[in-house]
Amino acid sequence: MEYGYVRVSTKEQNEDRQMVAMREFGIKDGGIVLDKQSGKDFERPGYRRLVRKLKAGDTLVIKSIDRLGRNYDEILEQWRLLTKEKLVDIVVLDMPLLDTRRGRDLTGVLIADIVLQLLSYVAQTEREFNRQRQAEGIAAAKARGVHFGRKFKERSENYTSIMAAWRRGELSGRAAAKELGVAHGTFQRWCKE
């Protein structure tokens, strides 16, 4: 049997490019497994089901090595598990050297292993760069005063008078929060500002 594995990182991303490549290779829609989840690890439901289904002699087709995953060690481990233990062939469409159906001699295996290690390294490095760029972007936005998360609760017109009454001891914290229409925790946070 031939199976295709398609992965995009989020529900919003489009998998059409990979689906077209699978169909052009000859994989039927029923043989294509799709995950819409990050490639940081292999805890993806579609991939897990597919691995359980694969048996010796089957072929797994992926568009590129980073569609399999983005963790160097885990990609190498999955490749070993599939090709050496389960005896499944793997075809990486964007990298013809990573087609285990041919070149099973020692030289072919050596070249495939070297290319796999290099591409796995590149996939993980790209993921780390993406995380670093994201962190830098968030830090720069925060430095510009951009607020992330929920919007701050607006203070009502009677905020000043209620705070003054609370400070004089005329209102409890809970009563003041109720008067302001906010949760007690929000009122306590306002008191610390």
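Visitor: Which residues form a positive surface patch?

Guide: Patches are made of residues with over 30% relative accessible area and no salt bridge, with like charges joined within 9 Å. Lys and Arg count as positive. This is a predicted model, and one member of its positive patch, R189, sits in helix α8, which spans residues 184–192. The patch is formed by R150, K153, R189 and K192.

Visitor: Thanks! Which residue is the bridge partner of V6 in β2?

Guide: Let's start with the strands. Strand β1 (residues 2–8) pairs with strand β2 (residues 32–36) in the parallel sense, over 5 bridges. Within β2, V6 has as its bridge partner L34.

Visitor: And is the crossover from β1 to β2 right-handed or left-handed?

Guide: Follow the chain as it leaves β1: it passes through helix α1, residues 16–25, before reaching β2. This β-α-β crossover is right-handed.

Visitor: How many residues apart in sequence are the parts that K36 and E15 tie together?

Guide: A salt bridge needs a side-chain nitrogen of Lys or Arg within 4 Å of a carboxyl oxygen of Asp or Glu. K36 and E15 form one, their closest N and O atoms being 3.2 Å apart. K36 lies in strand β2 and E15 in the loop between β1 and α1, so the pair ties together parts whose separation in sequence is 21 residues.

Methods: Residues numbered from 1 in each chain as written. Predicted model: local features only at pLDDT ≥ 70, side-chain atom pairs only at ≥ 80, totals over all residues. Heavy atoms only, no water. Patch = residues over 30% accessible without salt bridge, like charges linked within 9 Å, V, L, I, M, F, W, Y side chains within 5 Å. Areas by Shrake-Rupley, 256 points an atom, 1.4 Å probe, with all protein chains shown as cover. Charge placed at Lys NZ, Arg CZ, Asp CG, Glu CD. Helix = DSSP H or I, 4+ residues; strand = E, 2+ residues; numbered from the N terminus. Pairing = 2+ DSSP bridges. Right-handed = clockwise from strand over helix to strand, strands pointing away.
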